[in-house]
Structure formats: C-alpha cells, structure tokens
Amino acid sequence: MKESYCISTDKMNALLTELGKTYRILGPKRVGKLIRYGEVNTQKELVWQEKSHFSPKEVFYPIVQTLLYFSEDGVRESELEDDRDVIIFLRPCDINGIRRLDTMFLKNGGQADNFYQRRREKVKFFLMECRESFETCFCVSMGSSRTDQYTAAFRFDAEGVSIQVNPHAREEALGRELSRLLEGEERCDFTPEFVTENRRAVAVPEITDRSLVKEIHALPMWREFDESCIGCGGCNTVCITCSCFDTTDVIYHETSRDGERRRAWSSCMLDSYSTMAGGHNVRARAGDRMRFKAMHKTYDFKARFGEENMCVGCGRCDMRCPKDIRFSETVDRLAHEVERLKRGEEAE
C-alpha cells in the first residue's frame with residue numbers, strides 16, 4: 001500500500017527540525033555563486049529547481065581524509081568526527097552514481113575499503129523528484145534516470161511538499177520514524193516521476209569484442225584534445241563516479257616521527273597523475289588522458305564488474321569545463337567511431 005502525504009512548507013520545516021535531532025541532513029544549497037552539498041535546516045535552503053554544480057559524494061568520501069595517525073609508539077586509525085547517520089536529498093542519477101562508487105570501494109578486489117564503508121553505511125537517501133531534464137543531462141541514455149533505492153521521495157512546488165515513504169524502507173529505522181512524524185497528515189496520491197527524455201540523446205559505445213580496444217586507442221579523435229583540454233581536472237572533481245585519490249604521509253615537524261596518512265581526491269586528467277617514479281608518464285598527452293577517462297566511463301567499468309556503465313549522465317562535467325568540452329559529445333562520437341570500426345571503415 002502506497003504511503004504518500006501532502007504537507008505545507010511549515011510542516012516540512014518542522015519535519016526537518018525533528019529529523020535533525022537525530023540525523024545530519026544535507027542537500028544541495030547555494031554557497032556563493034555555486035550550488036553544492038551542505039547541511040540544511042529548512043526547505044528554503046534546498047535548491048531543487050536547479051542542478052547542483054557539485055555532487056554529493058564529498059559527504060561520505062571527503063576531499064581530504066585522514067586515514068591514520070602514526071608516531072614512535074605505534075599507529076592508530078582515525079575516527080569519525082560525527083557519528084550520526086546522514087540523510088541526503090539528491091536526484092536519481094546521483095543515487096545511481098553512488099551505487100557505482102559502492103562497487104569501486106566495496107566490491108573491487110575482494111576487500112571493502114573500511115574508510116569508505118564506515119561513512120557510507122550511515123547514509124540514507126531522500127529522493128528529490130526529477131521530472132524534467134536540465135540542458136546538459138544525458139541520464140536517460142546512460143540508463144540512470146530512475147531508481148527505487150531511497151527511503152522517501154519528495155516533490156517540491158509552490159503548493160507545498162508531497163512525500164512518499166518507500167514501501168521497501170518502512171521497516172528501516174528512518175522509514176519508521178518518518179511514518180511516525182507524518183502520522184495524521186493529509187494523505188494524497190503521489191508517486192515520484194522520472195525523466196523519460198533528455199534534451200540531447202547520446203549513443204553509448206557497445207564494445208563486445210575486446211580486440212577493438214587497440215584500434216580505439218589509436219583513433220585520431222583523441223589527438224584533438226591535446227590542444228583543447230588544459231588538464232585542470234575540474235570534470236573529475238564534480239563527477240559523482242570519479243574515485244581516484246592520492247595517498248600522502250604528512251610529518252608534523254622536520255625532525256618528528258609523528259604524522260598522519262591522508263588521502264585526497266586526484267584526477268586522471270592531471271598530467272601528474274600518470275607520472276611514474278623516474279619521471280615516465282604513461283599518458284603524457286591530454287588526448288591520452290581523455291581516452292582513458294572515456295573508456296573507463298563507458299567500457300572498462302562495465303567489462304570489469306558486469307554492471308552498468310560508470311558514467312550516469314549527470315552532465316556536471318559539461319557544465320564545469322572551462323574549455324567547453326562536452327563529455328556527452330565525446331561519448332556520442334566514440335560510439336559512432338566504434339560502429340565504423342565494427343564495419344571495417346576508417347575513422348573520421
């Protein structure tokens with residue numbers, strides 16, 4: 001049986017206040033000129049009419065994270081600075097993107113990443129209904145516009161807020177708490193709707209024959225990025241599925257043996273990321289790095305894990321690029337070139 005309610009903005013604010021006594025509540029909010037994820041206390045703070053410039057991944061996968069502390073006496077693992085569970089308001093593509101991150105950190109190599117896992121286990125999803133595509137979205141093409149992996153779904157409009165408690169989550173602590181807080185409120189007929197068509201349709205490469213990979217690596221299209229891409233890594237920073245990081249040991253004082261080990265986000269588009277000991281760079285040109293990213297997002301991940309493509313089509317990278325490189329167009333063109341290779345034709 002569907003459990004849906006329609007409440008006023010004031011009731012929504014009261015709901016957030018009550019939930020905030022137990023949970024940290026985060027969502028897309030305006031920070032200066034940008035929309036990024038942070039703590040919210042009222043409905044007014046939530047930006048639901050626009051796409052956020054940054055993804056929600058930094059909530060449970062921090063930009064800089066201390067893993068452990070070391071000294072002459074031994075090593076101790078870092079602790080969480082806040083032990084509360086977390087509620088995140090987010091869109092379907094981001095929920096699907098987090099599933100990709102879960103695969104990378106929890107199922108990769110047969111050993112779960114403890115530092116990711118302990119934060120991720122605390123995260124609960126409040127779905128923000130997304131019925132209309134934004135300009136740079138291509139989530140439908142990537143199969144990421146729909147999800148049922150949420151505790152509750154929300155529709156915001158001028159009349160108030162519609163809420164559906166997911167039947168799958170009613171036995172969970174947050175689902176029970178939400179039902180209790182909404183008891184007695186007006187019932188309504190609300191089921192979240194999802195984007196069914198983007199403004200731009202993107203063809204996704206279908207690479208079933210691994211022998212094509214070598215030919216794909218040699219495509220002339222990659223050389224175009226040697227001049228157009230400046231290797232800033234901004235696309236990776238805003239991507240919900242990018243997981244690369246660097247690990248460094250920080251010594252507190254020059255003569256000290258005390259310090260900490262940190263990991264910090266990095267980027268496969270940075271020149272330094274693929275530079276090895278001795279100075280050799282395995283992907284020295286920007287086009288090589290774009291090829292690596294495009295193949296990882298549309299082929300390697302799926303080939304390794306047998307699941308969906310890594311890219312979810314949120315389009316934030318297209319928004320972020322200072323050189324106006326459209327990753328959606330890169331994916332589309334790659335798919336076109338792959339089909340030409342399958343037919344035995346020369347690349348364009």
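Me: What do the side chains of arginine 99 and glutamate 308 meet in?
Reply: A salt bridge, at 2.9 Å from N to O. That term stands for a side-chain nitrogen of Lys or Arg within 4 Å of a carboxyl oxygen of Asp or Glu.

Me: And where do arginine 99 and glutamate 308 lie?
Reply: Arginine 99 is in helix H2 (residues 92-106), while glutamate 308 is in the loop between helix H8 (286-305) and helix H9 (316-320), so the pair ties together parts 209 residues apart in sequence. Helices here are DSSP runs (H or I, at least four residues), numbered from the N terminus.

Me: Is this model predicted, and how are residues numbered?
Reply: The model is predicted: local features need pLDDT of at least 70, side-chain atom pairs count only at pLDDT 80 or more, and totals for chains, interfaces and linings use all residues. Residues are numbered from 1 along each chain as its sequence is written, and side-chain values use heavy atoms, with hydrogens and water left out.

Me: Okay, is arginine 99 buried or exposed?
Reply: Partly exposed, at 30% relative accessibility. Glutamate 308 is partly exposed too, at 28%. Buried means under 20% relative accessible area, exposed over 50%, and partly exposed in between (1.4 Å probe, protein chains only).

Me: New topic: what does aspartate 226 pair with?
Reply: Arginine 223, in a salt bridge of 2.7 Å, N to O. Salt bridges that share partners join Arg223, Asp226, Arg285, Asp288 and Arg291 into one network.

Me: How many salt bridges in the whole structure?
Reply: A search finds 36. One of them links arginine 84 and aspartate 82, at 2.8 Å from N to O.

Key:
Helices (H or I, at least four residues) and strands (E, at least two) are DSSP runs, numbered from the N terminus.
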